[in-house]
Amino acid sequence: MSTKPTRVLVLTCSTRPGALGPVVAQWLTETVASRAAALGVELVPVALGELNLPFLDEEEHPSSGVYQQEHTRRWSAIVDAADGFIVVTPEYNYGMPATLKNALDYLSREWAWKPIGFVSYGNTSAGTRSVQHAKQVVTTLRLVPVGATVAIRIGEAVESGQLRPDATRDATGLGLLDEVVRVAHALRPLRERGRVGALSGPLPGSYVRRLTPDDAAEVTVLQRCCWVDEAVVNDTLAIPALHESLEEVRDWLEAWHVTGIWLDGRLLGMVRARRDGTDWHIGRLAVVPDLRGHGLGRWLLRTAETSAGPDCRRVLLSTGAKSLRNIDLYRSEGYQSDSLDRPDGTTRLTKDISVRQR
Ligand SMILES: Cc1cc2nc3c(=O)[nH]c(=O)nc-3n(C[C@H](O)[C@H](O)[C@H](O)COP(=O)(O)O)c2cc1C
């Protein structure tokens with residue numbers, strides 16, 4: 001989950017000189033532009049004809065992700081960065097155009113767990129047979145077709161090569177975008193799991209990855225929720241984690257190495273760490289209240305320790321002087337209180353890791 005804008009590619013499939021496809025794609029992007037802005041959606045028009053993709057010419061199966069050709073790598077990067085697709089497609093001989101099939105066949109993992117919506121056009125069937133054909137192919141790639149569609153009957157809708165104004169069609173275009181975006185949000189956890197760098201987490205189905213400033217919203221909620229308990233046991237509200245703004249959280253997510261455990265799009269826990277000379281500072285160890293006692297805190301602590309550089313000699317962390325549960329955890333992991341309680345009501349604990357380095 002993240003606060004990044006949702007990126008929706010609008011794919012124009014037809015490549016013939018004088019094709020109607022670009023006219024339809026332009027109608028769609030103009031019609032939904034302000035709704036897209038309101039939904040935090042970045043619409044990216046892509047004309048398949050401009051990608052210069054020859055008929056599939058890769059030796060390896062696309063699921064390998066091994067791409068020899070520059071055009072494949074370029075296409076892979078474009079699709080990988082997208083959260084969903086709207087395909088503007090004609091019907092050719094009762095099916096989808098070869099350009100679309102070829103563009104789909106080039107890739108695999110990049111398509112997975114993303115919604116795909118269709119704007120079709122044609123004669124009697126308004127391009128709907130093309131869409132049915134495409135749907136059976138896209139599901140193999142784990143693309144998720146949405147139910148909303150726009151189907152344009154050329155004989156009724158087109159005059160002098162342009163689309164006649166049609167408020168009903170405009171409304172279906174907006175409905176299509178809405179549905180693509182809703183499904184894109186709902187599928188985000190499935191995409192996250194497959195993301196490069198996401199590793200299996202300590203609970204079944206959970207995954208672990210480095211948190212970035214885009215995760216600031218979830219981190220802010222998690223820490224406010226978790227530090228309420230600290231405020232109660234330590235009888236103080238003067239705890240930075242309770243007050244930090246979204247911007248402040250963004251800043252430290254940039255500056256620290258932060259690890260998060262996720263399950264189905266929910267941030268279950270986190271820990272941050274960074275180096276200061278030969279000290280390795282660990283902080284903001286947090287686990288959602290309903291999953292305490294499952295070993296997530298200990299797992300995060302150990303994970304944060306293992307990323308200390310080889311020349312780090314000590315791990316430092318602090319907690320509320322009355323946070324006995326935390327202190328018990330740290331002691332059981334080899335930490336010792338190194339000082340008297342500090343004026344701000346916290347206590348510092350350290351662990352010597354210099355032996356580990358020899
Ligand atoms: C090769 C070809 C096959 C076509 N087959 C169909 C068809 O099966 N059903 C249909 O409704 N229209 C069909 N048409 C008509 C197209 O819907 C119409 O020409 C449309 O403008 C094509 O899209 P484009 O201009 O973006 O290429 C076909 C057109 C072409 C060029």
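**Figure 1. The ligand meets a backbone atom of G21 in this predicted model.** Here an oxygen atom of the ligand sits 3.0 Å from a polar backbone atom of G21. Taken alone, the ligand exposes 610 Å², and the protein buries 75% of that. The view also takes in R16, where a polar side-chain atom lies 2.6 Å from an oxygen atom of the ligand. A nitrogen atom of the ligand has a partner too: an N or O atom in the side chain of E91 is 2.9 Å away.

**Figure 2. A shell of 15 residues lies around the ligand.** If you would like a short list to label, S14, R16, Y92, Y121 and N123 come nearest. Sorted by class, the shell holds seven nonpolar residues, five polar ones and three charged ones.

**Figure 3. Helix α3 and its cover.** Helix α3 spans residues 98–105, and its buried residues are L100, N102, A103 and L104. What lies over these buried residues? The cover includes two helices, α2 (70–80) and α4 (128–138), together with two strands, β3 (84–90) and β5 (143–153).

**Figure 4. H71 in helix α2 has a polar contact with Y106.** The side chains of H71 and Y106 are joined by a polar contact of 3.4 Å. Is H71 buried or exposed? With a relative accessible area of 13%, H71 is buried, because that value is under 20%. Leaving aside residues up to four places away in sequence, H71 touches N52, L53, P54 and D57 as well as Y106.

**Figure 5. D80, also a residue of helix α2, touches R109, E110 and K114.** Those contacts leave out residues up to four places away in sequence. D80 and K114 are 34 residues apart in sequence, while their C-alpha atoms are 10.0 Å apart in space. D80 counts as partly exposed, with a relative accessibility of 38%.

**Figure 6. Y94 has a positive phi in the loop between β3 and α3.** Most residues other than glycine have a negative phi. Y94 is not a glycine, yet its phi is about 65°. Buried or exposed, how does Y94 count? At 57% relative accessibility, Y94 counts as exposed, because the value is over 50%.

**Figure 7. D264 has a positive phi in another loop, the one between β10 and β11.** The phi of D264 is about 50°, although this residue is not a glycine. On one side of the loop is β10 (257–263), and on the other is β11 (266–276). D264 counts as exposed, at 62% relative accessibility.

**Figure 8. Q223 is a buried residue of helix α7.** Helix α7 covers residues 216–234, and within it Q223 has 0% relative accessibility. Which residues does Q223 touch, not counting those up to four places away in sequence? They are A241, E244, V249, W252, M270 and R284. For a sense of distance across the model, follow the chain from Q223 to V131: the two are 92 residues apart along the chain, and their C-alpha atoms are separated by 46 Å.

**Figure 9. The whole chain, as a backdrop for the close-ups.** The chain has 12 helices and 15 strands. Its radius of gyration is 26 Å, whereas the globule rule gives 21 Å for 358 residues, so the chain is more spread out than a compact globule. Along the principal axes, the C-alpha atoms fill a box of roughly 85 × 45 × 30 Å. Buried residues make up 48% of the 358 residues. Among contacts with a separation of 6 or more, 71% come from residues 24 or more positions apart. The chain exposes about 17,500 Å², and carbon and sulfur atoms supply 53% of that area.

Note on methods. Residues are numbered from 1 along each chain as its sequence is written. This is a predicted model: local features need pLDDT of at least 70, side-chain atom pairs count only at pLDDT 80 or more; totals for chains, interfaces and linings use all residues. Side-chain values use heavy atoms; hydrogens and water are left out. A residue is near a molecule or strand if one of its heavy atoms lies within 4 Å of it. A polar contact is a pair of N or O atoms within 3.5 Å; within protein, one must be able to donate a hydrogen and the other to accept it, and residues adjacent in sequence count only if both atoms are side-chain atoms. Accessible areas come from the Shrake-Rupley method with a 1.4 Å probe; for residues, only the protein chains shown count as cover. Ala, Val, Leu, Ile, Met, Phe, Trp, Tyr, Cys and Pro count as nonpolar, Asp, Glu, Lys and Arg as charged, and the others, Gly among them, as polar. Helices (H or I, at least four residues) and strands (E, at least two) are DSSP runs, numbered from the N terminus. The radius of gyration is taken over C-alpha atoms; the globule rule is 2.2 Å times the number of residues to the power 0.38. Buried means under 20% relative accessible area, exposed over 50%, partly exposed in between (1.4 Å probe, protein chains only). Contact means heavy atoms within 4.5 Å.
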